[in-house]
Amino acid sequence: MAVKTDEIASDLFRISLYVPQANLQFNQFLVRDAEPLLYHTGLRKMFPMVRDAVARLIDPATLRWIGFSHFEADECGSLNEWLATAPHAEPACGRVGAVVNINDFADRKARILEKDEVLDTGRHRFRFLPTPHVPHGWDAGLFFEETGRSLFCSDLFLQICNVEPVTTESIIDRARQTLLDYQAGPLAGALPYTPMTDATLKTLAALKPQRLVAMHGSTFVGNGEQALLDLAEVMKEVLGKKD
Ligand SMILES: [Fe+2]
Ligand SMILES: [Fe+2]
């Protein structure tokens, strides 16, 4: 398993591990700023590789914030390893995530972010958006970085294969095919389709992001509003049908 690091926007680094057995990338994102932020820690067993990649960019002990969309091993499995490495680091998540998981699981309490609260890391502003069950998990939420209009969209736009770090080509066809493939395989049902799914995706589209920072697959740079509206249609088509 090789680590590949790319600066996908100014001081936004994508640390990607491709796992051939899963034919899937696991992407962590480091924001180099006055208060450095890591979005997704990666799986616990990936910790040494992610830490070494971070160490090429900043002193890992200076990490200040650890963000993630929901409580799952690939999103925050090495949270405690990071808290031990960085003495001033705090998990940053929504109230549900803190109360239900993090304040028990983690060795340091979470900084709770309320709806639309902004976490200011210096030159970046992360707005917290609670998105229950989008992509999945009661505690799910997403960060929208306002200065670069980057939506950290977690498992939305999931794309298989060892794809390029950034693309300006539409990723909707890949994301649709991946959803179909997952629904036909042993990991079917990864993303629920709830009465809130469509409205949540439309709320995200209204932010007009210009960068969709995907956890599994390429980051898309372009018309994020249209891409999210397209994804809403794909999820309705693939996951929302009653049969
Ligand atoms: Fe997930
Ligand atoms: Fe994930």
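I counted as donors the N, O and S atoms within 2.8 Å of the metal (3.2 Å for Na, K and Ca); water is not among the atoms, so sites may look incomplete. The model is predicted: local features need pLDDT of at least 70, side-chain atom pairs count only at pLDDT 80 or more, and totals for chains, interfaces and linings use all residues. Residues are numbered from 1 along each chain as its sequence is written, chains are lettered from A and ligands numbered from 1 in the order in which they are written, and side-chain values use heavy atoms, with hydrogens and water left out.

Entry 1, metal site. I looked up the iron ion (ligand 2) and found the protein donors Asp74 (OD), Asp155 (OD), Met215 (SD) and His216 (NE2), 2.1 to 2.7 Å from it. Their spacing in sequence reads D-x80-D-x59-M-H. Aspartate 155 also bridges to the iron ion (ligand 1), and the two ions lie 3.6 Å apart.

Entry 2, location. I placed aspartate 155 in the loop between strand 11 (150-154) and strand 12 (166-167), and histidine 216 in the loop between strand 13 (211-214) and strand 14 (219-221), so the pair ties together parts 61 residues apart in sequence. Strands (E, at least two residues) are DSSP runs, numbered from the N terminus. I found aspartate 155 and histidine 216 both buried (under 20% relative accessible area, 1.4 Å probe, protein chains only).

Entry 3, sheet. I traced an open sheet of seven strands, order 1-2-3-4-5-6-7, with mixed pairing. Two strands pair if DSSP finds at least two bridges between them. Strand 2 (residues 12-19) and strand 3 (residues 24-31) pair in the antiparallel sense over eight bridges. Phenylalanine 13 stands opposite leucine 30 in strand 3.

Conventions:
Helix = DSSP H or I, 4+ residues; strand = E, 2+ residues; numbered from the N terminus. Buried < 20%, exposed > 50% of the residue type's maximum accessible area, 1.4 Å probe, protein only.
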